[in-house]
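This briefing sets out selected features of the structure shown below, grouped by topic. Terms are defined where they are introduced.

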Amino acid sequence: MPESHHDPYVRVRGAREHNLAGVDVDIPRDALVVFTGVSGSGKSSLAFGTIYAEAQRRYFESVAPYARRLIHQVGAPAVGEITGLPPAVSLEQRRSSPNARSSVGTVTTLSNSLRMLFSRAGRYPEGAERLDSDAFSPNTAAGACPSCHGLGLLHDTSEELLVPEPELSIRQGAIAAWPGAWQGKNLRDVLDTLGYDVDRPWRELDAKDREWILFTDEQPVVTVHPVRDADRIQRPYQGTYMSARRYVLRTFSDSKSPTLRAKAERFLTSAPCPVCGGGRLRPEALAVTFAGRTIADLASLPLTALAGLLSTTAAEDGETARVLTGDLVARIATVTELGLGYLSLDRATPTLSNGELQRLRLATQLRSGLFGVVYVLDEPSAGLHPADTEALLVVLDRLKAAGNSVFVVEHHLDVVRHADWLVDVGPLAGVHGGRVLHSGPPGELVDVEASATRRFLFDREPGPAREVRAPAGWLRTGPVSRHNLRSVDAAFPVGVLTAVTGVSGSGKSTLVGALTEELSGVGRLVTVDQRPIGRTPRSNLATYTGLFDVVRKLFTETEEARGRGYRAGRFSFNVPGGRCETCQGEGFVSVELLFLPSTYAPCPDCHGARYNPETLQVRLRGLTIAEVLDLTVESAAVFFEDTPAAARSLRTLLDVGLGYLRLGQPATELSGGEAQRIKLASELQRPHRSPTLYVLDEPTTGLHPADVEVLMRQLHGLVDAGHSVIVVEHDMDVVATADWVVDLGPGGGDEGGRIVAAGPPDRVARAAESRTAPYLLRALGPAGRG
């Protein structure tokens, strides 16, 4: 149909992005449209990878060619044509690298308004000069406290923290804060070369030597003659010494790795800056007050309390204050509507969940007043308690009422039911998906038998009542005092599945984070999260699970490989030898176009195979190494069924519902849910000797209800095998199948932070003070109510 001004549809023709099978679909504008389907079905490829990507490409086309070079651009999506497409705004759950200076106030720009209020309507000390709004920002040279540089805290360390076991020698690992592997050995060898005794117990070293080793700011460079294995050639090298304190502080401030930062933090003490008292600003800014409080005081209040304070004081402070506080209160209201009233403006964004961060961005868009755009949202209900989902629906309706189209990728059934239009993609994942099964009103999905969503939307029969397991013991933690938890003592049963529930911000993740291997009765602790399994296309499913090592070994055992003297390294695309050197094993090359975005094309030499022709001449049962990497898990399970080491890995991947993924699928193409299930599969394939505690933070985020069933079968299987599982969860269908529930609340932030109910699901479902109880009671069905 030709595009016209009156055509009310976005019409997509021939979409082939990722696994989409030449999709044609018409989607109405000015409506709330929800995209559903099992994980990996192609719904995000349609909503984000095709519709949003094309809108973004068209926008860049309108930008001057010179300016285009300054913007990071994505290539054109694989689609025949899209008509009727307005400008688009994407709100995804991705976050930039952690930054301690980014806060709730900076993300929502509420901090700008508060600074303006203090600059224009604040009470200044007599004779003080009026300050510009920048002077109230801890992120500017004009405002930041010169002592702590606007961070409010001073980090330091002590000998007790850096050397927890002084009876050990340096060679035995006395300095626990040092890095592992080669870097730690290097520091030890440098000290040895400098003449320090690395084999004497730490406590017997001279006090001034201990002080220098741990705290010096000197960085001497010496020639190190390492003593290592006798069969390895060791050449002298120039080694630089860095004190333990300097290493820990540098890692904590500069490292982009959350794991390294967390390790460094264990060796640090944090204390409020003695100059600004934690206020982060210069004294002249902290001398200005509004309603009797400094800007640091107001920034630390929960948003609900801040709005209440501003509402009551505006009238008595003049017209300027009235206008500025009115604007601030109205903008805070959009954030509190989304269930985030427990957050304060100074809360650092690295401490927020992905769902919280996306909802903050959504609140900012609500106030932007944009009209006629398509908002593309990635699971806005992620991390939301059922009590907060109703508020989210109101916000989505307001975006639509303002004259916008709202396209949402979503699994939450309450959001799906609320949609004006439903696009269901499937029927299954990967090569078994990529088709639009239904595009129309949600009620009409009832007739689409191929849809995996249909059963959950219309045929919800409560599952058979499951017998609650009896605890084999108890893990006790506490008192925990962190964020909003105040001296909370908790008991978690051993040998059962425990769900930790509560509204957003009630303290669930903080409480579960207090579980460590040091606790009595924990033994082995495994945390399975949704972080990516790798940050580059070189990391893939086969490399992460260890399957690639098995595959390369099989190739080296072929007659052809033995005849040529090929070893396992020959079949790696990460090192020279067997890989294609034109693309360095990437399979594609970047093509630089002067005024257009860089585009990627298959390598002209290996045509995407990643290996050189000689390596590809070696075949295992008729397939080259490149063809094996292109197999799906499902196909590979058949191909390797007589190879026990490979079959075990592949069976666990099939068990967690990942049969559609390719062995060589880059880590960068995997969703958070897929990454989490790959980690779980890697864990399941290991032989378990001792009972293990598995901790999963919102494992069902990003999962279709059909995938949740698969995941829960695995988790219950772990418990039946003698392990303990603790999940932080908002999905009441999952909570209803748990053996024990720990519910925090009753509210978020300062209104939460304590355990309001604990016990089997049917008991917690009747807890009078719990905001989870009514939703859990509904999920339990008649059996729970009886």
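Strand 1 (residues 9-15) runs antiparallel to strand 4 and is joined to strand 4 by 3 bridges. Strands (E, at least two residues) and helices (H or I, at least four residues) are DSSP runs numbered from the N terminus, and two strands pair if DSSP finds at least two bridges between them. This is a predicted model, in which local features need pLDDT of at least 70 and side-chain atom pairs count only at pLDDT 80 or more, whereas totals for chains, interfaces and linings use all residues. Residues are numbered from 1 along each chain as its sequence is written, and side-chain values use heavy atoms, with hydrogens and water left out.

**The three-stranded sheet**

- Within the pairing of strand 1 and strand 4, Arg 11 stands opposite Thr 83 of strand 4.
- The open sheet has 3 strands in the order 2-1-4, and the pairing is antiparallel.
- Strand 2 (23-28) and strand 4 (81-83) are at the edges; each has a single partner strand, so one side of each lacks a neighbour in the sheet.
- Neighbouring strands of this sheet are turned against each other by 5° on average, direction ignored; axes are lines fitted to C-alpha atoms, for helices over the stretch in contact, and angles run from 0 to 180 degrees between N-to-C directions.

**The six-stranded sheet and its helices**

- A sheet of 6 strands, also open, follows the order 5-10-11-3-12-13 with mixed pairing.
- Its edges are strand 5 (88-91) and strand 13 (435-440), each of which pairs on one side only.
- The average turn between neighbouring strands of this sheet is 15°, direction ignored.
- Strand 3 (residues 32-36) and strand 11 (residues 405-409) run parallel and are joined by 4 bridges; Val 33 has Phe 407 of strand 11 as its bridge partner.
- Helix 1 (residues 43-61) packs on the sheet, with strand 3, strand 5, strand 10 (374-378), strand 11, strand 12 (421-426) and strand 13 in contact, and its direction makes about 135° with that of strand 5. Contact means heavy atoms within 4.5 Å.
- Helix 15 (residues 386-401) also packs on this sheet, touching strand 3, strand 10 and strand 11; the angle between its direction and that of strand 11 is about 145°.

**A hairpin**

- Strand 14 (residues 473-482) and strand 15 (residues 485-494) run antiparallel and are joined by 7 bridges.
- Arg 476 stands opposite Ala 491 of strand 15.
- The hairpin of these two strands has 2 residues between them, and His 483 takes a positive phi near 50°.

**Two helices followed by glycine**

- Helix 6 (residues 181-193) has 13 residues and reaches 19 Å from its first C-alpha to its last, close to the expected 18 Å; the expected span is 1.5 Å times one less than the number of residues.
- The buried residues of helix 6 include Leu 187, Val 190 and Leu 191, where buried means under 20% relative accessible area, exposed over 50% and partly exposed in between (1.4 Å probe, protein chains only).
- These buried residues pack against helix 7 (207-215), strand 7 (221-224) and strand 8 (237-240).
- Gly 195, which follows helix 6, has a positive phi near 100°.
- Helix 25 (residues 644-655) has 12 residues and spans 16 Å from first to last C-alpha, close to the 16 Å expected; Gly 657, just after helix 25, has a positive phi of about 80°.

**Nonpolar cores**

- The largest nonpolar core has 146 residues, and Leu 362, Phe 640, Leu 715 and Val 725 have the most contacts inside it. Such a core is a set of buried Ala, Val, Leu, Ile, Met, Phe, Trp, Tyr and Cys residues joined through side-chain atoms within 4.5 Å.
- Helix 27 (residues 705-720) gives this core its largest share, 7 residues.
- A second, separate core of 29 residues includes Leu 162, Tyr 196, Leu 214 and Phe 252.

**Cysteines**

- The whole structure has 0 disulfides, a disulfide being a pair of cysteine sulfur atoms within 2.5 Å.
- The closest cysteine sulfur to that of Cys 145 is in Cys 148, 3.8 Å away and too far for a bond.
- Cys 603 is in no disulfide, and the nearest cysteine sulfur, that of Cys 580, is 3.7 Å away.
- Cys 145 is buried, with a relative accessible area of 1%, and Cys 603 counts as buried at 1% relative accessibility.
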